[in-house]
Amino acid sequence: MKLLRVRKDSYHDSVFLMLATQELKSAGGVTEAVVAMGTDMNRDLLSGMGFGGPDLDGSGPNDLLVAVEAADAAKAEAAAAKALELVDRKKTAAAVAGSGLSRVGSLEAALGKIPDANLAVISLPGAYAAREARKALDRGLHVMLFSDNVPLEEEIALKRHAAAKGLLVMGPDCGTAVVNGQPLCFANVVRRGSVGVAAASGTGLQEVTCLIDRYGAGISQAVGTGGRDLKNAAVGGRTMLLAIAALAEDPSTSVIAVISKPPAPDTARAVLDALARSGKPCVVHLLGLRDPAMLGKPASNVHLASDLEDCSRRAAALARGESYRPVEWDLPEAEIDRIVDRESAGFAPAQKHLRGLYTGGTLADEALFLLQPLLGSVWSNNQTDPALVPPDPQVSVGHTIVDLGDDVFTVGRPHPMIDPSTRTDRLDKEAEDPSVAVLLLDLVLGYGSHPDPAGALAPHLEAARAKAASRGGRLSVVASVTGTPADFQGLEDQRRKLEAAGAVVLPSNRQAARLAARILQKGAVR
Amino acid sequence: MSAEPMNTKPVLNLFSGDLKVVNLGLEGFAETLAGRGVPTVQVDWKPPAGGRKDVIEALDAIARNPRVARANAEALSRILAGKPTLVGIGTALDTVPGMARDLILHAGPPVAWKDMAGPLRGAVIGGLLYEGLASTPEEAQSLAASGKIRFEPCHHHSAVGPMAGVMTASMPVWIVENQAFGNKAYCTLNEGLGKVLRYGAYSQEVLDRLRWMAGRLAPILAGALALRGPIDMKSLIAQVLQMGDEGHNRNRAGTSLVIRELAPYLALLDEPKEDVSKVFAFLNGNDHFFLNLTMPAAKCTVDAALGIEASSVIATMARNGTEFGIRVSGLGERWFTGPASVVEGLYLPGFSAADAARDVGDSVITETSGIGGFAMAAAPAIVKFVGGTPEDALNVTRRMYEITVGENDAYRIPALDFRGTPTGIDVCKVVETGILPAINTGIAHKEPGIGMVGAGLVKPPANCFMDAVLAFAEKYGE
């Protein structure tokens, strides 16, 4: 029994509707459910699912669609009613909770409320985001563009427009920033300090700011640029270069840290030149850069870091006026050896593979780059080598690192940092694979993220470990937590929950990846 | 890549000042910031123009023309400069430009007899009977259908009419002059509630009342008015907004003020006491008497803003029971129409939504001029129409500031700290925000001859605003 309900002029953001869809699908007797706005794409989807008809044809992007397929008419009606109730509850909750938050219908009206607003945070559907961003720039606001799916030409046009006015466009696809001590979108509560960060990488920025906090330094500003800013030669690092120029002049910033995937060569040179000109000590980490020589010899004030942790340690040392010294492990070497011995004991003969299930894209990349030289071929949907991209992203091959934030996993679902079920579903699948020896996980805390990601993972980890034991083996789980003690989820609490579920928890993604490799290697020797 | 010097000042200002954020999209981001004490405004965003790409492009093209903002400022200043003044009462045929014996004026955009809805048909029948052009309703219908009678909008004759808005040659009309610009507007006298012509009723009782109004009420009022001299309507409307009227669905304060203004002069007239007393009783028994004065006052005020090159201010909104239509200043006399909506409202005892006709009437000229639904915050007595609480009424008015060019300098709302009412509806803002004008209205029975069944709020059709934006962009887009 298929049922479609259309509620006219009732706009809701997609993340909320995806969560409602998830909740509806778990209701008894419901075989299929979609709660979505009537965009062209969603209408095509529903039409393909057999919900076509005059109601669907008559709907538009401002109309809320509730499509349910259920065992019988009563169940379908009940489910549709429940969906609308969920939607209304959110509205009521927002009305109550949001009493301190002024609400208006347009950017212009918002500027009537706070005429001296200086930042627009935009997380609208990509097709509209650029337009609102342009309006914000026209009104002299800096822009943080969380939205993805903004066309490249739009990004270039926006950044040109912004540059003429000296305004920042953080993004598109910029998930995190810390401005004046305030965490924006997905960001952690970090100590204020003198390290200025500019990053073309979301979870990279989160990991680095959290580790700098851990090493006793703090953040003056952390600017996100969006991934294409440096990678695409036509964008040319416009946001990054403006951020560096401003951090160079900012009296509260004494050290500049830059994080990015390898930029387009001209852009890399421009970034390094800008850092050299800043005259301040700078640390640069370019993830997965195979040939540092391509950068030429950096200026004396510019230091290249080998990974996110190294970048953080160097920046913290510079900020604290201490001399930098590389650190392999936070724990004593002997303790690491003991952990490796313990974790590698008891693998069944078939247990040979590592599976990394990541919610943070940059953290997945870092694990991939760290593990590849240690383990040989590592498969991943983030692989730059197409030969090592798994043919079916839902199925692991050998050693696999999965970036679960990839679009293939997030169609119709919120990002796995918000909705842990994408990862727990995959984890349940990996648990059925007798070849898995080590699971490698990230856990990203902070605003925007799930309130209890460790709690959501724990029962699935326990079940997976029990499955491995029932096959006569042992599943080793290694994780790192990106967060600070000030994050609302509680860094300690999350760490303890993971440990109680049998995981070894390390303070950085680098150390977690390294430890996972050692456990695997040691297990193979036995 | 060259190392041209960069303008870092705005970013350094961001880094050194306090963060103040406008959040468009996921509410959680705004809640986080507000919870941390960062001044944050959440935009309840909707896809502009209902997501229609062509209309969004039109909006962008219009935004690129700097003349539009200047022209809208001019339109607003003309509306604010208006000085509507009640100057007299005349007969339609002698007074209303272009009026003729074979002409029936009606509310809303143009509509042919065959397309007219029940209340308008009823009022046309009543009008023909009243004029003696037909002697039975059946005869009136065949005459209306014969093509011998012309139908034109009141708006094409500097006039406005509530509900069906039917005006015929021998009806008495109020004459209101905009003394700032010299233009005039005309409107019939209000008949009261229940079975009345403007709701499509045409029984003998209705016709008798109309004849009494023309024969006794109008001459007596005209006499009093002549003694009194012109009445400044702007000042009266400003007062009623501070006495609990919003100028459209509540007219109790306004009607009372008119009685006060005229009473000393009514007493001086050399007319039979019984007739004068009946006039007083009629005014006192009809809370909406003032509406037919507010409407021509609003009409002559916004008419001064029609036809300004490059202005996207809405100069007319009106409904004929079949269609809702608007006219935009910079596009002159051209109508943009959409299907008239069903009114969401409260019903008189014995009636329900099933009895309701679609939205009808020129009374939405009040909203066009910045009162009515736009001044909902002024009228706590009728908040039941908008959700039930005074806060709901305040929010209706607050929202309207998002679609208007400016604020009224004469019409002010006590509950909003005497803020001026939202005035000068910009069709581009309506389409950009998806916020439709808030319109108060009465509800007529869908069958001719029955009359008023309730009152409420109407949501105008979005497409006429979008069509207007497309046409506007064609003429003024860059």
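## Chain B as a whole

In chain B, residues 24 or more positions apart account for 71% of the contacts with a separation of 6 or more. This is a predicted model, and in it chain B holds 16 helices and 17 strands. The radius of gyration of chain B is 24 Å, close to the 23 Å that the globule rule gives for 478 residues, so chain B is as compact as a globular protein of that length.

The C-alpha trace of chain B spans about 90 × 50 × 45 Å along its principal axes. Of its 478 residues, 62% count as buried, while the accessible surface of chain B comes to about 16,800 Å², with 52% of that belonging to carbon and sulfur atoms.

## Domains of chain A

The domain assignment divides chain A into domain 1 (2–96), domain 2 (107–320) and domain 3 (333–524). Between the C-alpha centres of domain 1 and domain 2 of chain A the distance is 38 Å.

## Helix H12 of chain A

Helix H12 of chain A covers residues 308–320, and because each residue adds 1.5 Å, its 13 residues should span 18 Å, which agrees with the 18 Å between its end C-alpha atoms. At the N-terminal end, Asp307(A) acts as a cap, with a side-chain oxygen 3.1 Å from the backbone nitrogen of Glu309(A), and just after the helix Gly321(A) takes a positive phi of about 70°.

Among the buried residues of H12(A) are Leu308(A), Cys311(A), Ala315(A) and Ala316(A), together with the charged-group names Glu309(A), Asp310(A) and Arg313(A). The cover over the buried residues of H12(A) includes strand S10 (192–199), helix H8 (202–214) and helix H19 (509–525) of chain A.

Terms used: Residues are numbered from 1 along each chain as its sequence is written. Chains are lettered from A and ligands numbered from 1 in the order in which they are written. This is a predicted model: local features need pLDDT of at least 70, side-chain atom pairs count only at pLDDT 80 or more; totals for chains, interfaces and linings use all residues. Side-chain values use heavy atoms; hydrogens and water are left out. Helices (H or I, at least four residues) and strands (E, at least two) are DSSP runs, numbered from the N terminus. The expected span of a helix is 1.5 Å times one less than its number of residues. Buried means under 20% relative accessible area, exposed over 50%, partly exposed in between (1.4 Å probe, protein chains only). Contact means heavy atoms within 4.5 Å. A polar contact is a pair of N or O atoms within 3.5 Å; within protein, one must be able to donate a hydrogen and the other to accept it, and residues adjacent in sequence count only if both atoms are side-chain atoms. Domain bounds come from an automatic or database domain assignment. The radius of gyration is taken over C-alpha atoms; the globule rule is 2.2 Å times the number of residues to the power 0.38. Accessible areas come from the Shrake-Rupley method with a 1.4 Å probe; for residues, only the protein chains shown count as cover.
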